Amino acid sequence: MQEIDQLLSDHNLTHQKSAISAVFKYSIKLNKIKTDETDIPLGSSKIGGSPDLPAGWEFPCYEDDYLTFMLQVNLSEAKPYDQDNLLPESGILYLFYEALEQPWGFDEDEGCFKVLYYDGDFGELERKKSPSSRTEFVAFPAFQLSFETIATLPESPENLDFADDEEEANYFDFRQELVQPEDDDGNVMAAHYMLGAPMNIQNEVFEELFEDGNNPVLLFQIDSDEELADVMWGDSGMLYFCMEKEDLMEKRFDGVRFTLQCF
């Protein structure tokens with residue numbers, strides 16, 4: 001977990017520790033590990049590279065080309081970090097997106113992403129390269145993934161009162177540094193994670209995607225990331241893939257909804 005006490009002190013929020021802790025949402029951070037893809041075992045969690053698909057499965061298409069493979073998560077590897085017990089115990093989740101055109105997720109963009117779930121024999125898996133003939137965003141560099149539990153925070157939590165505008169600004173700075181800390185070289189680290197509270201850039205993500213507000217869950221948040229072929233979503237934006245909790249419990253991943261937000 002992050003050094004929360006130190007961050008609270010740095011942002012003059014120590015007196016709000018109890019109130020802030022009460023609105024924490026627990027997420028699973030996706031940490032990239034630079035690894036030659038040939039050294040990543042079939043079925044292991046990774047971002048970029050080529051997916052390990054079951055025999056007979058094909059790359060999903062969008063319009064006149066193929067979607068870009070984004071990541072796969074081996075749920076048995078991620079599950080120990082699922083504090084709220086939302087994810088399936090086993091299987092693989094795959095995420096694909098039209099990374100070249102970068103559709104926003106409007107109604108007319110239907111099919112611009114795909115979430116697939118496989119819970120069968122890993123002996124049936126095959127590493128499959130994209131059949132796309134284009135040259136851009138066919139595949140990102142491969143990184144193996146490790147996981148950790150992190151605390152995330154809503155943008156405007158209920159029952160959290162601020163003494164003045166300065167304290168509210170301190171909260172926003174604290175939240176930003178909590179989720180997107182800087183590395184040793186002063187570069188902001190990409191906020192790739194599952195579950196918890198999304199880092200809204202424009203509108204409140206859950207309200208944008210779920211007007212009825214039926215227990216939405218953040219399945220994936222994918223940040224702009226220089227290490228992924230210098231990819232940027234719009235203007236330093238984020239991709240958000242969300243679904244209703246009931247659909248997640250029933251493993252109905254065709255119910256995932258998507259939006260892109262940027263500055």
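The questions and answers below look at one residue, the nonpolar cores and the aromatic pairs of a predicted model. In this predicted model local features need pLDDT of at least 70 and side-chain atom pairs count only at pLDDT 80 or more, while totals for chains, interfaces and linings use all residues. Residues are numbered from 1 along each chain as its sequence is written, and side-chain values use heavy atoms, with hydrogens and water left out.

User: Is Gln16 buried or exposed?
Analyst: Gln16 is placed in the loop between α1 (4-10) and α2 (17-21). Buried means under 20% relative accessible area, exposed over 50%, and partly exposed in between, with a 1.4 Å probe and protein chains only. The relative accessible area of Gln16 is 10%, so Gln16 is buried.

User: With which side chain does the side chain of Gln16 make a polar contact?
Analyst: Leaving aside neighbours within four places in sequence, Gln16 is in contact (heavy atoms within 4.5 Å) with residues including Leu160 and Phe162. A polar contact is a pair of N or O atoms within 3.5 Å, where, within protein, one must be able to donate a hydrogen and the other to accept it, and residues adjacent in sequence count only if both atoms are side-chain atoms. At 2.9 Å, the partner of the Gln16 side chain is the side chain of Glu167.

User: Which strand gives the largest share of the largest nonpolar core?
Analyst: A nonpolar core is a set of buried Ala, Val, Leu, Ile, Met, Phe, Trp, Tyr and Cys residues joined through side-chain atoms within 4.5 Å. The largest one has 51 residues, and Tyr97, Met194, Leu219, Phe220 and Trp233 touch the most other members. Strands are DSSP runs (E, at least two residues) and helices are H or I runs of at least four, numbered from the N terminus. Six residues of this core, its largest share, come from strand β7.

User: How are the rings of Phe140 and Trp233 arranged?
Analyst: Rings of Phe, Tyr and Trp (its six-membered ring) pair if their centres lie within 6.5 Å, and planes under 30 degrees apart count as stacked, over 60 as edge-to-face and the rest as tilted. Phe140 and Trp233 have ring centres 6.5 Å apart and planes at 80°, so the pair is edge-to-face.

User: Which strands hold Phe241 and Phe258?
Analyst: Phe241 and Phe258 are both buried, and their rings are stacked, 4.9 Å centre to centre with 25° between the planes. The pair ties together parts that are 17 residues apart in sequence, because Phe241 lies in strand β13 and Phe258 in strand β14.
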